[in-house]
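Welcome, and please get your viewer ready. This tour goes from the whole chain to single side chains, with a selection to make at each stop.

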Amino acid sequence: QLQLVESGGGLVQPGGSLRLSCVVSGFSSHSYAIGWLRQAPGKEREVISCISPGSISTRYADSVKGRFTISRDNAKNTVYLQMNSLKLDDTGTYYCAAPERLWAPCGLGMSYATWGQGTQVTVSS
């Protein structure tokens, strides 16, 4: 059974940085595309980034493009989201998630079947 655990959230000032981690454990964990999603109160969940198996391709939502970087370290079974130049609107609960199928292509419209518990990111002055 695939399991995802996020960490790294916290309180940060505007313009600051955070690095989120998603430990992906389970059989063939390296063969899943992994997405990062976020949700703020009163707003719909937003897919902000994804990375393909083997890190062949990455995708970013326009809202985070140029500020966030997704990567994965297969040796550590971990997907990272480096978040720079954080804005107030970046506040929310951040989740990593995987699709049902192995080797599914990475895409912002991809449906996700397995989720982590979420980690809270608060950007406030």
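What percentage of the 125 residues in the protein do buried residues make up? The answer is 47%. Keep in mind throughout that you are looking at a predicted model.

**Stop 1: the whole chain**

Start with a cartoon view of everything. You should find 11 strands and 0 helices, so the order of elements from the N terminus reads β-β-β-β-β-β-β-β-β-β-β. Now switch to the C-alpha trace and turn it along its principal axes: the spans are about 40 × 25 × 25 Å. How does the radius of gyration agree with that of a compact globule? For 125 residues a compact globule would have a value near 14 Å, and the protein has 13 Å, which agrees.

Next, turn on a contact map if your viewer has one. Among contacts with a separation of 6 or more, 60% are between residues 24 or more positions apart. Then show the accessible surface, which comes to about 6300 Å². Carbon and sulfur atoms account for 49% of that surface. For a last global view, colour by charge: there are 11 positive and 8 negative charges, and their mean positions lie 5 Å apart.

**Stop 2: three aromatic rings**

Select Y95, Y112 and W115, and show their side chains. Together they form one aromatic cluster, and the structure holds 2 aromatic pairs. Zoom in on Y95 and W115: this pair is edge-to-face, with 5.8 Å from centre to centre and 80 degrees between the planes. The pair links distant parts of the chain, as Y95 sits in strand β9 (residues 92-98) and W115 in strand β10 (residues 114-115), 20 residues apart.

Now keep W115 in view and bring in Y112. Why is the pair of Y112 and W115 edge-to-face? Their planes stand at 70 degrees, with the ring centres 6.2 Å apart, and planes over 60 degrees apart count as edge-to-face.

Which of these rings belong to buried residues? Y95 counts as buried at 19% relative accessibility, a value that falls under the 20% cut-off. Y112 is buried too, at 13%, whereas W115 counts as partly exposed at 28%.

**Stop 3: S49, inside a strand**

Move to S49, in strand β5. Is S49 buried or exposed? Its relative accessibility is 0%, so S49 counts as buried. Select its surroundings, leaving out residues up to four places away in sequence, and you will find that S49 touches I34, G35, W36, R59, Y60, I70, L81, L108 and Y112. You have met Y112 already, as a member of the aromatic cluster. For a distance to check yourself, pick the C-alpha atoms of S49 and R38: they are separated by 9.8 Å, with their positions 11 residues apart along the chain.

**Stop 4: the loop between β5 and β6**

Follow the chain on to S52, in the loop between β5 (46-51) and β6 (58-60). S52 is buried, with a relative accessible area of 6%. Apart from neighbours within four places in sequence, S52 is in contact with A33, S57, R72 and C106.

In this loop, select S55 as well. S55 counts as partly exposed at 35% relative accessibility. Check its backbone angles, too. Most residues other than glycine have a negative phi. S55 is not a glycine, yet its phi is positive, at about 55 degrees.

**Stop 5: T58, in strand β6**

Go on to T58, which lies in strand β6. At 34% relative accessibility, T58 counts as partly exposed. Beyond its neighbours within four places in sequence, T58 is in contact with C50, I51 and I70; I70 is also one of the residues that S49 touches. The C-alpha atoms of T58 and T114 are separated by 19 Å, and the two residues are 56 apart along the chain.

**Stop 6: W103**

Finish in the loop between β9 and β10, where you will find W103. Is W103 buried or exposed? W103 counts as exposed, at 60% relative accessibility. Look at the backbone here as well: W103 is not a glycine but has a positive phi of about 60 degrees.

Terms used
Residues numbered from 1 in each chain as written. Heavy atoms only, no water. Helix = DSSP H or I, 4+ residues; strand = E, 2+ residues; numbered from the N terminus. Rg over C-alpha atoms; globule rule 2.2 N^0.38 Å. Buried < 20%, exposed > 50% of the residue type's maximum accessible area, 1.4 Å probe, protein only. Contact = heavy atoms within 4.5 Å. Areas by Shrake-Rupley, 256 points an atom, 1.4 Å probe, with all protein chains shown as cover. Lys, Arg positive; Asp, Glu negative; His and termini not counted. Charge placed at Lys NZ, Arg CZ, Asp CG, Glu CD. Phe/Tyr/Trp six-rings, centres within 6.5 Å; stacked < 30°, edge-to-face > 60°.
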